[in-house]
Each structure stands twice: as C-alpha cells, then as structure tokens.
Amino acid sequence: MKKRFTLIMLILGLLTLVACSSKYDISNDKKILTVDDSYSINEKNTTSNSTNYKGDIELNGRLTLWEIDVLEKSELTVIYDIKNQKGQVRLALTDNKKYIRTIFKLKKGQTNDDNIKITLTPGKYFIKLVGDDTKFQAKTIKLDYSNKMMKTTHIDSIRDDDN
C-alpha cells in the first residue's frame with residue numbers, strides 16, 4: 001500500500017513538472033508587460049550590442065534585449081530579417097506598464113525581412129524577444145534612430161559584450 005501511494009505521488013509530480021515547464025504563451029500581453037525576464041535560451045554565432053542582435057537562437061520565455069530612454073518625441077526604426085524554424089517568436093516594444101506593440105510575430109516556417117517605424121513619446125521603453133519553444137535565425141534585429149534625445153542600452157544579462 002505504501003509503495004502504491006509513493007508511485008502515485010511520483011507520477012503526479014512528474015505530470016505536474018511536465019505540464020508547467022513546456023510552453024510559453026507569446027500572445028499573453030500581461031506576461032510580456034512584467035518587468036522580470038523568464039527564459040531558457042541556447043545561442044549560436046550570436047552577437048549583440050546597444051543597437052544590433054543577430055544569431056541562431058532557441059528560446060522559451062521572455063527576454064529583454066534593450067532598454068530605450070526617450071527624452072523628447074522621437075522616431076525609432078526597427079529593421080529585422082528573421083527565419084523561424086520551430087515554435088513561435090515575437091518581438092515587442094513595451095513600457096512594462098500598459099503599452100505594448102508587436103514588431104513581428106512568426107510561426108514555424110515563416111520568414112520576415114522588413115522594418116517598422118515607431119514614434120515614441122518621452123519615457124522608458126523595452127524591446128522584448130518572446131519565444132514559445134522556438135528556434136530561429138535572426139540575420140539582424142537592428143535599432144536605428146538619429147535623434148540624440150534617445151538612448152538605447154543593451155541589457156541581455158547572459159552576455160556582457162555591450163559596445
């Protein structure tokens with residue numbers, strides 16, 4: 001009887017662990033708006049700095065790439081070339097409070113080579129990479145701006161190669 005109870009508890013524990021650790025909902029804006037990052041990542045041939053990120057990435061979760069401080073109304077252009085091979089991937093701009101704008105969102109097998117111009121009002125913003133068990137190639141994700149009243153900071157905590 002004791003062995004049966006132990007076996008049942010072990011099976012329930014394993015089922016709970018598998019159910020809680022597998023997927024990340026990239027459409028859940030409320031999770032993306034949270035300040036803290038939560039992710040597992042595997043990167044190959046990856047380079048990143050205060051305006052550029054590229055490489056082969058496997059990601060499950062939410063990772064902040066950049067913090068953007070805007071002192072006066074400014075225009076930001078995000079240039080990207082992405083090929084998604086597995087899962088789903090999303091790049092979003094947020095203020096970590098209530099504003100969120102999707103820059104791109106790709107499902108398995110989709111590619112996107114484009115740019116988007118966004119007018120920002122004064123404040124602090126964040127560019128977040130969100131993945132649902134995704135594997136993708138980022139040929140480039142680049143921030144472009146000419147206004148000196150805007151400053152970007154690379155805050156990817158797993159590397160320390162900020163330029």
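**Reading salt bridges, cores and strands**

Modeller: Let us begin with one pair in this predicted model: K124 and D69 form a salt bridge, in which the closest N and O atoms are 3.2 Å apart.

Biologist: Which parts of the chain does the pair of K124 and D69 tie together?

Modeller: One reads this by placing each partner in its element. K124 belongs to strand 6 and D69 to strand 2, so the salt bridge ties together parts that lie 55 residues apart in sequence. K124 is partly exposed at 42% relative accessibility, and D69 is likewise classed as partly exposed, at 21%, because the buried class is reserved for values under 20%.

Biologist: How many salt bridges does the structure hold, and which residues are joined into one network?

Modeller: There are four salt bridges in the structure. One of them is formed by the side chains of K86 and D133, at 3.6 Å from N to O; with K86 in strand 3 and D133 in strand 6, this pair ties together parts that are 47 residues apart in sequence. Both partners are partly exposed, K86 with a relative accessible area of 38% and D133 with one of 30%. As for the network, E67, D69 and K124 are joined into one by salt bridges that share partners.

Biologist: Is R90, which meets D29 in a salt bridge, buried or exposed?

Modeller: R90 counts as buried, because its relative accessibility is 4% and the cut-off for buried is under 20%. D29, by contrast, is partly exposed with a relative accessible area of 30%. The N to O distance between these two side chains is 3.0 Å, and the pair links distant parts of the chain, since R90 sits in strand 3 and D29 in helix 2 (residues 29–32), 61 residues apart.

Biologist: Which residues of the largest nonpolar core touch the most other members, and which strand gives the most to this core?

Modeller: A core is read as a set of buried nonpolar residues joined through their side chains. Here the largest one has 29 residues, of which I68, V78, L91, I103, F104 and I141 touch the most other members. Two or more residues each come from strand 2, strand 3, strand 4 (100–106), strand 5 (111–120) and strand 6 (123–144), and strand 2 gives the most, with eight. Another core, of five residues, lies apart from it and includes Y24, I26, I32 and V130.

Biologist: What does L91 touch?

Modeller: Setting aside residues up to four places away in sequence, L91 has among its contacts L65, V78, I103, F104, I127, L129 and I141.

Biologist: Is L71 buried or exposed, and where does L71 lie?

Modeller: L71 counts as exposed, because its relative accessibility is 58%, and its place is the loop between strand 2 and strand 3 (74–94). Beyond its neighbours within four places in sequence, L71 is in contact with P122 and M149. T77 makes a useful contrast: this residue is in strand 3 and counts as buried at 11% relative accessibility.

Biologist: How many bridges join strand 1 to strand 2?

Modeller: Strand 1 (residues 38–48) is joined to strand 2 (residues 52–70) by nine bridges, and the two run antiparallel. They form a hairpin with three residues between them, and E43 stands opposite I57 in strand 2.

Conventions: Residues numbered from 1 in each chain as written. Predicted model: local features only at pLDDT ≥ 70, side-chain atom pairs only at ≥ 80, totals over all residues. Heavy atoms only, no water. Pairing = 2+ DSSP bridges. Helix = DSSP H or I, 4+ residues; strand = E, 2+ residues; numbered from the N terminus. Buried < 20%, exposed > 50% of the residue type's maximum accessible area, 1.4 Å probe, protein only. Contact = heavy atoms within 4.5 Å. Core = buried A, V, L, I, M, F, W, Y, C linked by side-chain atoms within 4.5 Å.
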